[in-house]
Structures are given as C-alpha cells and as structure tokens.
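Thank you for asking me to look over this structure before you take it further. My remarks are set out as numbered points, to be read with the sequence and the coordinates open.

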Amino acid sequence: MSKRDYYDVLGLQKGASADDIKKAYRRKAKELHPDRNADNPEAETQFKEANEAYDVLKDPEKKAAYDRFGHAAFDGGMGGGGGPRPGAGGFGGGQGDFASAFSDVFDDLFGDFMGGGRGGRSRAARGSDLRYNLRVTLEEAYNGLTKTITVPTSVQCDACTGSGAEGGAEPTTCPTCSGMGKVRATQGFFTVERTCPTCSGLGQIIKNPCNTCGGNGRVQKERALSVNVPPGVETGTRIRLAGEGEAGVRGGPPGDLYIFVEVTRHEIFDRDGVNLQCRVPVSMATAALGGDIEVPTIAGGRSRVSIPAGSQSGRQMRLRGKGMPALRGGGHGDMFIELAVETPVNLTARQKELLKEFDSLSEDNNPESKSFFKSVKSFWDAMKG
Ligand SMILES: [Zn+2]
Ligand SMILES: [Zn+2]
C-alpha cells in the first residue's frame with residue numbers, strides 16, 4: 001500500500017498556510033472522534049494518518065523537507081523523533097499507541113478551547129480592552145487635535161488595593177479545585193475540564209470580601225483621558241492607549257483602550273484617502289471665456305484657480321498638496337476640483353435678447369452638439385435605408 005500524501009490526508013492543497021493546516025487538522029480530529037465513530041474501524045486508521053500528517057506539516061522544518069522530498073524525506077531516519085508513523089513499522093495499532101496519539105490532539109484542542117490558560121496558577125486576570133468611538137470633523141482630521149474624553153471603566157479598588165479581601169487580607173486557596181481553577185469530570189472516553197464553580201477559575205476564594213468592591217478588587221469609575229489625535233486620521237483609524245483599559249481582576253494587568261476614529265462628512269469636500277474632491281460651480285460665461293476663480297481649501301484659506309477658456313462641465317483640475325496630510329508623515333495629498341458649468345436662470349428680457357442673438361451667431365461654437373447631431377443623422381439615415 002503506497003502512503004497517502006500528507007496534504008491529501010488533511011484535505012489541503014500543497015503549500016497550505018500554517019493556519020489552514022491547523023484548521024484542517026482540527027476539523028479531522030473532531031470528525032474522527034472515537035465517540036462518533038464507534039462502529040467505523042476506518043476512523044482509527046484515518047485518525048492516525050491525520051495525526052502523522054499534522055506532526056510533519058505543523059513543523060516548519062519538517063514541512064520544508066516534506067515539500068521538497070515527499071515521504072522520502074523521512075525514510076532515512078530524517079525528521080527526528082516525531083509522532084507515531086505507520087509506515088515506519090512497529091505501529092501495530094496497539095491501544096497504548098493510539099491513546100498517546102489521541103492525547104496529543106486532546107491537548108491541542110483543549111489548549112485553545114480553554115483560552116490557552118491551561119493549568120496556569122495565575123489568578124490575576126488581565127483587564128478587558130475597551131473601545132471608545134471618537135467622532136472628529138474633517139478639519140480636525142486635517143489639523144490633528146488633543147481631545148479630553150471621559151471613559152467609564154473599572155479601576156483598582158483603593159480600599160483593598162485590588163486584592164478583593166477586606167482589610168487587605170490574603171485570599172485563601174479554593175477548596176473545590178485546590179487552587180487549579182478547574183475541575184475535571186469524566187464523560188465516557190473523555191475527561192473534561194471545566195472552570196471551577198466555586199472560585200470562577202481564579203483558584204482562590206475570599207472569606208471576607210471587601211465592602212467597597214464586593215470582592216472583585218475593582219470599582220466602576222469615570223476617568224478623563226487626554227487623547228492625542230494625529231493629523232491625517234481617517235474613519236477606521238484606531239489609536240491604542242496601552243494600559244488604559246479596564247483594571248485587571250485582583251491586581252492583574254489592565255487592558256488597553258482603543259479609540260476608533262470616525263471622520264464626519266464634510267459639506268464641501270469629499271475625501272478619498274489623502275486626496276480631496278470638491279465640486280465648484282462656474283458661470284457659463286467664465287467657462288466659455290476663461291477666468292480666475294477662488295476655491296476654499298481644507299486648511300481654511302482659499303486658492304486661486306485659472307479656468308481655461310472653453311472649459312466644459314465635469315472638467316477636473318488638480319491643486320497639488322492641498323489635500324489631507326498622510327497619517328504616517330510624507331506630505332499632503334492633492335485637491336481635485338470638478339467644474340460644474342451653470343446654466344443661468346431667471347433671465348431678464350435684455351439677457352434673453354442677448355442670448356438669442358448669441359445663439360444665432362454660434363453655429364460653430366458647439367463642437368460637441370455638432371458631432372452629436374451628425375451621428376444622429378447617420379443613425380436615422382441607416383434606419384430608413
Ligand atoms: Zn476553585
Ligand atoms: Zn475592594
């Protein structure tokens with residue numbers, strides 16, 4: 001029987017990422033779970049195969065060797081003392097081997113299910129991260145600003161200095177779990193670990209809880225914080241204030257505070273990354289004759305722009321360096337203005353007279369309509385004939 005390709009075993013394409021390999025392996029491990037496969041003798045073999053494949057592919061060195069040489073990489077004793085290998089002989093399907101192979105997965109799965117804190121005796125849990133949504137205007141995003149925000153958060157209790165015990169007494173070891181924070185229960189083939197119900201996983205209990213904080217070592221408070229918002233922020237920019245999140249449980253380290261920036265819509269400017277876009281109305285006469293106009297800039301000033309004679313509606317012009325600052329330095333973007341040629345309304349009798357006279361003289365002044373009507377005529381001719 002020839003040996004199956006390790007990637008095939010896990011249902012992967014060659015060269016799959018470490019993340020995909022791990023995911024695929026976990027899927028297999030669950031699928032081939034002995035509890036679900038009581039009457040499927042194949043499952044055990046497949047399980048061993050998956051375990052062997054993972055043993056190689058999870059290890060960057062072994063994976064590289066396998067990618068180059070295939071199974072031959074491990075035939076000559078290369079690859080070190082990896083897991084059980086059916087092809088290498090001596091794997092008779094004995095219960096001992098199977099159990100040890102299985103306990104590998106069990107560890108691996110539980111490592112993640114339990115949040116990685118397996119067996120740890122640390123009971124000082126880190127505080128949660130906090131999120132604060134901060135709205136700024138486009139002008140503020142342009143200039144940057146320092147803003148004072150008020151954050152409702154839990155901070156260390158002063159009365160017990162965070163220990164949770166009245167008068168600063170030391171907490172005692174939880175009798176239910178002997179300080180492990182977890183209890184074990186046997187369910188058929190498995191031993192399942194659960195968070196200890198007596199101490200909620202902290203491993204310690206407090207006989208006389210602190211009156212101020214009720215024993216968790218933290219109290220709710222509003223804190224004022226000064227946030228430095230750099231020029232160039234965009235909607236979605238996150239600013240991290242390390243250690244400004246919730247206080248840890250019983251003296252644990254605090255979490256972080258994340259400021260999520262939202263830049264509000266501007267009345268005049270549309271933003272596209274570091275560039276700004278602005279639509280500027282110009283009169284029909286200015287568009288035809290050319291002339292200077294003034295446009296506003298986000299910095300608060302104004303810029304003169306020369307409109308070339310004969311500009312059409314929709315014409316784009318670029319003002320270099322008048323856009324937004326780049327968040328990580330490196331100058332400013334550009335500002336683009338788009339001309340919107342306005343058709344005059346509410347004409348006086350005199351204006352109408354002038355325009356009529358103008359129109360009677362303007363046969364050659366409208367290149368676009370000339371070519372349009374030429375196309376229309378040939379279209380109609382083609383339809384007729
Ligand atoms: Zn306990
Ligand atoms: Zn307290």
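The points below take up the metal sites, then the pocket, and then some individual helices and residues.

1. Please keep in mind throughout that this is a predicted model, in which local features are considered where pLDDT is at least 70.

2. The zinc ion (ligand 2) has four cysteine sulfurs as its protein donors, namely the SG atoms of Cys157, Cys160, Cys210 and Cys213, which lie 2.3 Å from the metal. The angles that these four donor atoms subtend run from 103 to 114°, and the arrangement is therefore tetrahedral. For comparison, the ideal angle for four tetrahedral donors is 109.5 degrees.

3. Along the chain, the donor residues of the zinc ion (ligand 2) follow the spacing C-x2-C-x49-C-x2-C. Cys160 sits in the loop between strand S2 (145-156) and strand S3 (172-173), while Cys210 sits in the loop between strand S6 (204-205) and strand S7 (218-229), so this pair ties together parts of the chain that are 50 residues apart in sequence. Both members of the pair, Cys160 and Cys210, are buried.

4. The zinc ion (ligand 1) is likewise held by cysteine sulfurs, here the SG atoms of Cys174, Cys177, Cys196 and Cys199, at 2.2 to 2.3 Å. Because the angles between the four donor atoms range from 102 to 116°, this arrangement too is tetrahedral. The sequence spacing of the donors at the zinc ion (ligand 1) is C-x2-C-x18-C-x2-C, and two of these donors, Cys196 and Cys199, are buried.

5. Two serines deserve a look at their backbone. Ser178, in the loop between S3 and strand S4 (182-187), has a positive phi of about 55° although it is not a glycine. Ser200, in the loop between strand S5 (190-195) and S6, also has a positive phi of about 55° without being a glycine. Ser200 counts as exposed, because its relative accessibility of 57% is above the 50% cut-off.

6. Arg184 belongs to strand S4 and, with a relative accessible area of 63%, is exposed. The C-alpha atoms of Arg184 and Cys196 are 8.9 Å apart in space, and the two residues are separated by 12 residues in sequence; Cys196, by contrast with the exposed arginine, is buried.

7. Which residues lie nearest the centre of the largest pocket? They are Met284, Ala288, Phe358, Asn365 and Asn366, out of a lining of 20 residues. The volume of this pocket is about 650 Å³, and the elements that contribute two or more residues to its lining are helix H8 (284-289), helix H9 (349-360) and helix H10 (367-384). Among the contributors, H8 gives the most, with five residues. By residue type, the lining of the largest pocket divides into 10 nonpolar, eight polar and two charged residues.

8. In helix H4 (residues 60-69), the buried residues are Lys62, Lys63, Ala65 and Tyr66, and you may wish to note that two lysines are included in this list. Viewed down the axis of H4, the buried residues fall within an arc of 165°, so they line one face of the helix. The other side of H4 carries the exposed residues Pro60, Glu61 and Arg68.

9. Towards the start of the numbering, Tyr6 is found in helix H1 (residues 6-9). Is Tyr6 buried or exposed? Tyr6 has a relative accessible area of 3%, and because this is under the 20% cut-off, Tyr6 counts as buried. Tyr6 and Ala53 are 47 residues apart in sequence, yet their C-alpha atoms are 4.8 Å apart in space.

10. Gly11 lies in the loop between H1 and helix H2 (18-31), and at 59% relative accessibility Gly11 counts as exposed. A separation of 7.1 Å is found between the C-alpha atoms of Gly11 and Ala24, which are 13 residues apart along the chain.

Key:
Residues are numbered from 1 along each chain as its sequence is written. Chains are lettered from A and ligands numbered from 1 in the order in which they are written. This is a predicted model: local features need pLDDT of at least 70, side-chain atom pairs count only at pLDDT 80 or more; totals for chains, interfaces and linings use all residues. Side-chain values use heavy atoms; hydrogens and water are left out. Donors are N, O and S atoms within 2.8 Å of the metal (3.2 Å for Na, K and Ca); water is not among the atoms, so sites may look incomplete. Four donors count as tetrahedral if all angles lie between 85 and 135 degrees; four count as square planar and six as octahedral if opposite donors are over 155 degrees apart and all others between 65 and 115; anything else is irregular. Helices (H or I, at least four residues) and strands (E, at least two) are DSSP runs, numbered from the N terminus. Buried means under 20% relative accessible area, exposed over 50%, partly exposed in between (1.4 Å probe, protein chains only). On a 1 Å grid over the protein atoms alone, a cavity is a set of points where a 1.4 Å probe fits but cannot get out, and a pocket is an open set with protein on both sides within 12 Å along at least five of seven lines; lining residues have an atom within 4 Å of a point. Grid points are joined across faces, edges and corners, and a volume is the space filled by probe spheres set on the points. Ala, Val, Leu, Ile, Met, Phe, Trp, Tyr, Cys and Pro count as nonpolar, Asp, Glu, Lys and Arg as charged, and the others, Gly among them, as polar. The arc is that of the directions from the helix axis to the C-beta atoms.
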